[in-house]
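Thanks for asking me to take a look at this one. Have a scroll through the model first, then come back to my notes.

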Amino acid sequence: MDLFQISAEMNMKKSAPLADRMRPNTLEEFIGQEHIIGKGKLLYRGIIADKLSSVIFYGPPGTGKTTLARIIANSTKKNFEQLNAVTSGIKDIREVIDKSKEILGMYNKRTILFIDEIHRFNKTQQDALLPYVENGTLILIGATTENPFFEVNKALISRSMVFKLEPLNSKHICIILDKAISDRNKGLGEFDIDIDEDALEHLIIASSGDARIALNGLELGVLTTPPDLNGTIKITLNVVEECIQKRAIRYEKNGDEHYDIISAFIKSMRGSDPDATLYWLAKMIYAGEDPKFIARRIIICASEDVGNADPQALVLAVSAFQAINTIGMPEGRIPLAQAAVYVACAPKSNASYLGIDKALEDIEKGKMGQVPVYLRDSTSKKMEEKHILNSEKDIKDYLYPHNYAEGYTPQQYLPDEFVGVKYYNPTENGFEKTIKERIDKLHKK
């Protein structure tokens, strides 16, 4: 590299976006993802020891996938190559493979190949990698925002460890922004910056766990805001709103507003108002509320307030929670909305909820009953030892429901002290009306 190339590269680094300049170069500088890269974790040990096998990093944008690959490149003694699946094809893959085989033969040095957006490679392109990953010529590091179990060749998946990166939390984003503001070499430390607390909070929330969005918003605010007479660049909430094109709303995740909005959301579903349900849901999503928290509230409402009036509500609510784990946000807003609207529109019954609470209340008051002898486990050694079953009559007392019409015959199942107690009182609403009719019909026998 000549002097002109060195000068050009230095200028490029200085003019690079803040998010690129602030990328950590070592594991010690890396922020977040403690569940996979914390000290003592498998990935941490593999990088430190330079013994990394093929891995795939899977997670939302701005969570550190490419940064981890660059840290590995900085710390490994192996040959390191990089491709982007968006701009690379079979020809590029072949060139890397040929170069890797040559380096392995001449220097006995393996190659780490980092492929960004690996899900963009088609099956043929992914298949071209497989023999060389399998024989050890290449150590593959793939990065993808899509679920690799759906988008990456199963053969490659079986030869790789998949590490899921989570959206960065508020504390992580705050640390990253503080570093960017104070760092004079790579960050914005040369400027005298005064950022309002509400502006910083909105920048953190609006980033939705994406460090790149937070840093881009900060940089744009600093570079486009003129300093005051004292040379201070004042970053206000209005400045941040303009820079990230997202208005701030009053929503404190740990404050009263948080609990007020989730309460309004639940009561709207309980009150069968789908429009209000969607409004409060939208406000939580916009404010950056944890989608899993929202999904859990929908599950509770589906069981507590809908219950057996429409058993399908609980199935759909649980499916929405699973969908969030599979596809993440922002697409996750769709199954969340579907489940919330279904629960809001479903017939309502809290009979199961009231029933279990009444039974628990009786037990807490010390109302304990013994299991009727004919309901006990007749094969139990404990029963034999205590001679609880003293005759064939005791065993025959249990009536097997399937031996009778409609799979039912009258029989006492409650302890003697509880005969006649009713815990479950089905309503006339939805499917529960059918349940009530059946139970009433059977009990008339």
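Here are a few points on one loop residue, the cysteines and the main pocket.

1. A quick heads-up before anything else: this is a predicted model, so please read the points below with that in mind.

2. Let's start with Thr145. You'll find Thr145 in the loop that runs between β4 (138-144) and α8 (148-151). Its relative accessibility comes out at 29%, so Thr145 counts as partly exposed.

3. What does Thr145 touch, once neighbours within four places in sequence are set aside? The contacts are Tyr58, Gly59, Pro60, Pro61, Lys65, Glu117 and His119. As for Leu165, which sits 20 residues away along the chain, its C-alpha atom is 9.6 Å from that of Thr145.

4. On to the cysteines. The structure has 0 disulfides. Cys243 has a relative accessible area of 17%, and since buried means under 20%, Cys243 is buried. Cys301 is buried as well, at 2% relative accessibility.

5. Now the largest pocket, with a volume of about 1300 Å³. It is lined by 41 residues, and those closest to its centre are Pro60, Pro167, Ser208, Gly328 and Met329. Pro60 may ring a bell: it is also one of the contacts of Thr145.

6. Which elements give two or more residues to that lining? They are α10 (170-182), α11 (197-207), α15 (274-286), α16 (291-306) and α17 (312-327). The biggest contributor is α17, with 4 residues.

7. Last, the make-up of the largest pocket's lining: 18 residues are nonpolar, 12 polar and 11 charged.

Conventions: Residues numbered from 1 in each chain as written. Predicted model: local features only at pLDDT ≥ 70, side-chain atom pairs only at ≥ 80, totals over all residues. Heavy atoms only, no water. Buried < 20%, exposed > 50% of the residue type's maximum accessible area, 1.4 Å probe, protein only. Contact = heavy atoms within 4.5 Å. Disulfide = S-S within 2.5 Å. 1 Å grid on protein atoms, 1.4 Å probe; cavity = no way out; pocket = protein on both sides within 12 Å on 5 of 7 lines; lining within 4 Å. Points joined across faces, edges and corners; volume = space filled by probe spheres on them. Nonpolar A, V, L, I, M, F, W, Y, C, P; charged D, E, K, R; others polar.
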